[in-house]
Amino acid sequence: MALAEQVAPYVDILEIGTPCIKYNGLKLVKALKAAHPDKKILVDLKTMDAGEYEASPFFEAGGDITTVLGASDMATINGVIKAANANNAEAQVDLIGVEDKVAVAKEAAQNGAHIIGVHTGLDAQAAGQTPFEDLKTITGLGLNVKVSVAGGINKDTIQSTVQAGAAIVVVGAAIYGAPSPAESAKELRALVDAA
Ligand SMILES: O=C(CO)[C@H](O)[C@H](O)COP(=O)(O)O
């Protein structure tokens, strides 16, 4: 809540990351939305099963976007899309760990997913991986969805993600790990606006 307060002037979406939502649950979604009704709240559930059942309460609590793993069964993805549509919200399909990212992105988009997330997770980042090539591949498909990118994005790389077609750029450590998260968010925002 304190971090959100600091960075809110510079961002469009406030993400509750996966460890954070597991620890805090629905009450944090409600509190964050109440404090920031003008922001979208992304709840990074990384749903793997029971899509509609798991996502619905998070949309009802004020979440605007929840994530579902592209590695899950397409029925799970479809369930999150259904829950999102019932709540005037959005389903983001996270391609983290997916072998055939193009096939999953195409099918999810065809099924009505609102956002496709190109994502190099923290453990893959530690092994030296980045999301940039995958981002170009997915935006290059020209699907009728927004493309989000996440995975170690910082001030040196954020403009290239916008130029590669990312509609949503997720920044974690480069904001929350900065000496001044607000200053970092402000700088990143300016770079995005100038890209
Ligand atoms: O979803 C996540 C990890 O699974 C993170 O939110 C995402 O990777 C963004 O954080 P960072 O910019 O530090 O990579």
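**Note on the parallel sheet and the ligand surroundings**

1. Asp94 stands opposite Gly117 in strand S5. The model under review is a predicted one. Three bridges join strand S4 to S5, which spans residues 115–119, and these two strands run parallel. The connection between them contains helix H6 (residues 101–110), and S4, H6 and S5 together make a right-handed β-α-β unit.

2. The pairing just described belongs to an open sheet of seven strands, arranged in the order S1-S2-S3-S4-S5-S6-S7 with parallel pairing. Strand S1 (13–16) and strand S7 (168–169) stand at the edges; each has a single partner strand, so one side of each is left without a neighbour in the sheet.

3. At the S1 edge, S1 and S2 pair in the parallel sense over four bridges. In this pairing Glu15 stands opposite Leu42 in S2. Glu15 also belongs to the residues around the ligand, a point taken up again in the last paragraph.

4. Strand S2 (residues 40–47) is joined to strand S3 (residues 65–69) by three bridges, and the two strands run parallel. Val43 has Thr66 as its bridge partner in S3, while Thr47 has Val68. S2 is mostly covered, with six of its eight residues buried.

5. Helix H4 merits separate comment. S2, H4 and S3 make a right-handed β-α-β unit. H4 comprises residues 51–60 and lies across S2, S3 and strand S4 (90–94), running at about 155° to S2. Its buried residues are Gly51, Ala55, Ser56, Phe58 and Phe59. Both strands and helices contribute to their cover, which includes S2, S3 and S4 as well as helix H2 (18–24), helix H3 (26–35) and helix H5 (74–86). Just after H4, Gly62 takes a positive phi of about 120°.

6. Which residues of S4 point one way from the strand, and which the other? In a regular strand the side chains alternate between the two faces of the sheet. In S4, Glu90, Gln92 and Asp94 point one way, whereas Ala91 and Val93 point the other way, and all are buried. S4 is accordingly described as mostly covered, five of its five residues being buried. The buried set thus includes Glu90 and Asp94 along with Ala91 and Val93.

7. On its S3 side, S4 is held in the sheet pairing by five bridges, and S3 and S4 run parallel. Val68, already noted as the partner of Thr47, has Val93 as its bridge partner in S4. The chain crosses from S3 through H5 to S4, and this β-α-β crossover is right-handed.

8. Finally, the ligand. The residues around it are Glu15, Asp44, Lys46, His119, Leu122, Gln125, Gly151, Gly152, Val170, Val171, Gly172 and Ala173. Glu15 lies in S1 (13–16), Asp44 and Lys46 lie in S2 (residues 40–47), and His119 lies in S5 (residues 115–119). Side chains and backbone both take part in the polar contacts. A polar side-chain atom of Gln125 lies 2.7 Å from an oxygen atom of the ligand. For Gly172, a backbone N or O atom lies 2.8 Å from an oxygen atom of the ligand. For Glu15, an N or O atom in the side chain is 3.3 Å from an oxygen atom of the ligand.

How values were computed:
Residues are numbered from 1 along each chain as its sequence is written. This is a predicted model: local features need pLDDT of at least 70, side-chain atom pairs count only at pLDDT 80 or more; totals for chains, interfaces and linings use all residues. Side-chain values use heavy atoms; hydrogens and water are left out. Two strands pair if DSSP finds at least two bridges between them. Contact means heavy atoms within 4.5 Å. Axes are lines fitted to C-alpha atoms, for helices over the stretch in contact, and angles run from 0 to 180 degrees between N-to-C directions. Buried means under 20% relative accessible area, exposed over 50%, partly exposed in between (1.4 Å probe, protein chains only). A crossover is right-handed if, with the strands pointing away from the viewer, the path from the first strand over the helix to the second runs clockwise. A residue is near a molecule or strand if one of its heavy atoms lies within 4 Å of it. A polar contact is a pair of N or O atoms within 3.5 Å; within protein, one must be able to donate a hydrogen and the other to accept it, and residues adjacent in sequence count only if both atoms are side-chain atoms.
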